[in-house]
There are 2 protein chains.
Amino acid sequence: MRIINNINEMHRLSVESRKQGMILGLVPTMGYLHAGHMALVTAARKCSEVVVVSNFVNPMQFGPNEDYSKYPRDMERDNSMCGEAGVDVVFCPSAESMYSPDTSVSVNEDRLSKVLCGASRPGHFRGVLTVVAKLFNIVQPDVAVFGQKDAQQVRVISRMVRDLDIPVRIVVHPIVREPDGLAMSSRNTYLSVSERKQACGIYKALQAAADAFKAGQRSGPYLVDCVRNVLAATGLVCIDYVSLVDDATLEPVTRVCDRAVLLAVAVRVGKTRLIDNVVLSPCA
Amino acid sequence: MRIINNINEMHRLSVESRKQGMILGLVPTMGYLHAGHMALVTAARKCSEVVVVSNFVNPMQFGPNEDYSKYPRDMERDNSMCGEAGVDVVFCPSAESMYSPDTSVSVNEDRLSKVLCGASRPGHFRGVLTVVAKLFNIVQPDVAVFGQKDAQQVRVISRMVRDLDIPVRIVVHPIVREPDGLAMSSRNTYLSVSERKQACGIYKALQAAADAFKAGQRSGPYLVDCVRNVLAATGLVCIDYVSLVDDATLEPVTRVCDRAVLLAVAVRVGKTRLIDNVVLSPCA
């Protein structure tokens with residue numbers, strides 16, 4: 001496995017691989033890898049001959065009062081996990097090499113990025129899109145694999161790919177969960193033992209709504225209340241949002257009809273902001 | 001010569017050419033080609049094996065009160081000029097295929113694009129960068145050739161290429177002028193006979209400042225006044241800006257020291273807005 005810090009070196013390797021006709025798969029991560037990331041690597045492996053994992057905590061997607069500086073990092077452990085998983089290249093550039101002091105260009109999305117997490121994290125998706133555009137230009141992947149846990153991120157990135165004609169296929173991998181249902185996240189490491197116990201209430205809450213949906217419930221407010229009630233019963237009262245939106249447009253849905261909807265949650269457990277979601281498909 | 005309307009077909013041709021190891025050069029234009037454009041084609045020919053001319057009047061870079069609908073178009077004449085010049089591919093997509101009705105992603109530049117033309121044409125460079133990013137993704141050129149006439153555009157695009165790590169080399173071609181000095185522009189066609197005569201005052205004004213500079217004058221206000229005086233003497237009073245800025249950063253310069261400066265003009269001749277510029281290099 002090669003570990004590459006240098007942007008030009010990464011780009012040259014990609015160009016070389018593609019010249020040889022190899023399919024290149026990228027798994028963009030912010031490191032502190034867990035089984036969720038490794039599932040993305042497996043998915044990338046299935047559809048590509050060279051698997052690149054980028055490991056970069058992107059300062060541009062963190063707000064001034066967010067956890068950029070204390071975001072968990074363990075590059076050595078990450079690299080050994082990637083090595084064991086058969087990753088071909090780990091790309092881990094420095095923040096300084098990724099952003100010039102006078103950097104002034106960004107990629108913006110005006111619609112899908114304004115709701116859900118975008119509403120409480122202004123500038124977040126601008127940072128995400130800009131770094132993903134950069135990574136795509138540097139690595140030139142044929143395929144990029146993202147996790148459904150960051151459902152809005154996937155939708156916003158797919159929109160960028162469509163609107164800017166970026167020649168990358170986006171693959172979305174289902175959420176990987178802990179045995180008790182908590183969605184895997186590098187931020188779970190922030191949780192105390194009691195917070196960790198409480199956190200599994202998020203999935204229970206989503207499941208309660210999914211069960212109601214399966215039983216025929218189609219009212220948006222009812223499904224949202226299902227989630228809110230279970231969260232409240234678990235003591236999770238610091239809710240950023242519980243939203244039922246169209247799975248493609250992310251527009252609010254008051255009644256589920258023939259299109260799939262996304263039921264998405266952001267909640268603070270102690271000081272840690274966690275997100276989770278479930279897709280409800282009327283046709284499934 | 002191939003004429004391609006379809007985005008996917010253009011992309012496939014580019015991928016195929018690059019697989020064969022060919023160097024691909026792109027000349028992005030809005031059509032209504034003139035000798036200035038053809039000089040860009042010649043420059044592209046010199047450094048690439050496949051020359052693509054894109055011919056697309058980009059609605060996104062026109063303001064609501066600008067000349068998008070009446071911008072001159074003559075695709076047949078353009079194609080025959082490209083054919084004679086040995087262009088390999090003309091790419092002329094429709095506006096509908098380039099922009100979905102719910103398009104929501106754009107590329108923005110926050111610094112260089114805010115002065116000069118950007119100050120009076122809000123959203124213009126957002127439109128330029130977005131369409132150029134799209135063209136780069138579709139055509140995947142090794143080299144793209146732009147004209148120095150749109151000096152700010154070149155600087156803003158070069159900044160995008162740097163900040164988004166776009167693997168395209170930008171070549172800038174000197175301004176091509178009519179015998180009387182007027183910078184070639186598709187918009188010159190708007191000019192009446194008397195306006196056309198008046199318009200050559202723009203270059204005369206820039207030359208007056210360039211002469212003063214050659215004679216040792218280094219004061220920003222003095223050089224700007226040189227331009228303004230000649231413009232006024234020619235009856236060109238509808239001035240958008242006459243600015244002396246650093247050639248790289250586009251920041252205002254009050255005194256020329258050791259760095260090259262850009263002396264740039266935008267002026268209205270009748271209803272037609274024309275731009276021109278000259279670079280003054282203290283070392284040259």
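In the predicted model, the contact between the two chains draws 24 residues from chain B and 24 residues from chain A. On the side of chain B that touches chain A, at least two residues each are supplied by helix H1 (7–19), strand E5 (105–109), helix H6 (124–139) and helix H7 (151–163) of chain B. The largest share of this side, five residues, is contributed by E5(B). Sorted by class, the side of chain B that touches chain A comprises ten nonpolar, seven polar and seven charged residues. Of the interface residues of chain B, 100% are also interface residues in chain A, so the copies meet through the same surface.

The arrangement of the two chains was examined by superposition. A turn of 180°, with a shift of 0.0 Å along the axis, lays chain B on chain A with an RMSD of 0.0 Å. The two copies are thus related as by a two-fold rotation axis. Within chain B, the C-alpha nearest this axis belongs to Val107(B), at 2.3 Å from it.

The E5 strands of the two chains also pair with one another: strand E5 (residues 105–109) of chain A and E5(B) run in the antiparallel sense and are joined over five bridges. Along this pairing, Val105(A) has Glu109(B) as its bridge partner in E5(B), while Ser106(A) stands opposite Asn108(B) of that strand. Four of the five residues of E5(A) are buried, so this strand is largely enclosed by the rest of the structure.

Two positions in chain A illustrate contrasting surroundings. Ser100(A) lies in the loop between helix H4 (95–98) and E5 of chain A, and it is classed as exposed because 12 other C-beta atoms are found within 10 Å, the limit for this class being 12 or fewer. In sequence, Ser100(A) and Arg177(A) are 77 residues apart, and their C-alpha atoms are 37 Å apart in space. Val41(A), by contrast, is part of helix H2 (residues 35–47) of chain A and counts as buried, because it has 22 C-beta neighbours inside 10 Å, where 20 or more are required. When neighbours within four places in sequence are left aside, the residues in contact with Val41(A) are Val27(A), Val51(A), Val53(A), Ala85(A) and Val87(A). Val41(A) and Asn65(A) are 24 residues apart along the chain, and a distance of 31 Å separates their C-alpha atoms.

Helix packing within a chain is exemplified by helix H9 (residues 201–214) and helix H10 (residues 220–233) of chain B, which pack at an angle of about 150° with their axes 8 Å apart. The crossing in which H9(B) passes H10(B) is right-handed. From H9(B), the contact is made by Gly201(B), Lys204(B), Ala205(B), Leu206(B), Ala208(B), Ala209(B), Ala212(B) and Phe213(B), and from H10(B) by Tyr222(B), Leu223(B), Cys226(B), Val227(B), Val230(B) and Leu231(B). By class, the residues of this contact divide into twelve nonpolar, one polar and one charged.

Methods
Residues are numbered from 1 along each chain as its sequence is written. Chains are lettered from A and ligands numbered from 1 in the order in which they are written. This is a predicted model: local features need pLDDT of at least 70, side-chain atom pairs count only at pLDDT 80 or more; totals for chains, interfaces and linings use all residues. Copies are superposed by least squares on the C-alpha atoms of residues with pLDDT of at least 70 in both. Two residues are in contact if their C-beta atoms, placed from the backbone, lie within 7 Å. Axes are lines fitted to C-alpha atoms, for helices over the stretch in contact, and angles run from 0 to 180 degrees between N-to-C directions. A crossing is left-handed if the near helix is turned anticlockwise from the far one by less than a right angle, and right-handed if clockwise. Ala, Val, Leu, Ile, Met, Phe, Trp, Tyr, Cys and Pro count as nonpolar, Asp, Glu, Lys and Arg as charged, and the others, Gly among them, as polar. Two strands pair if DSSP finds at least two bridges between them.
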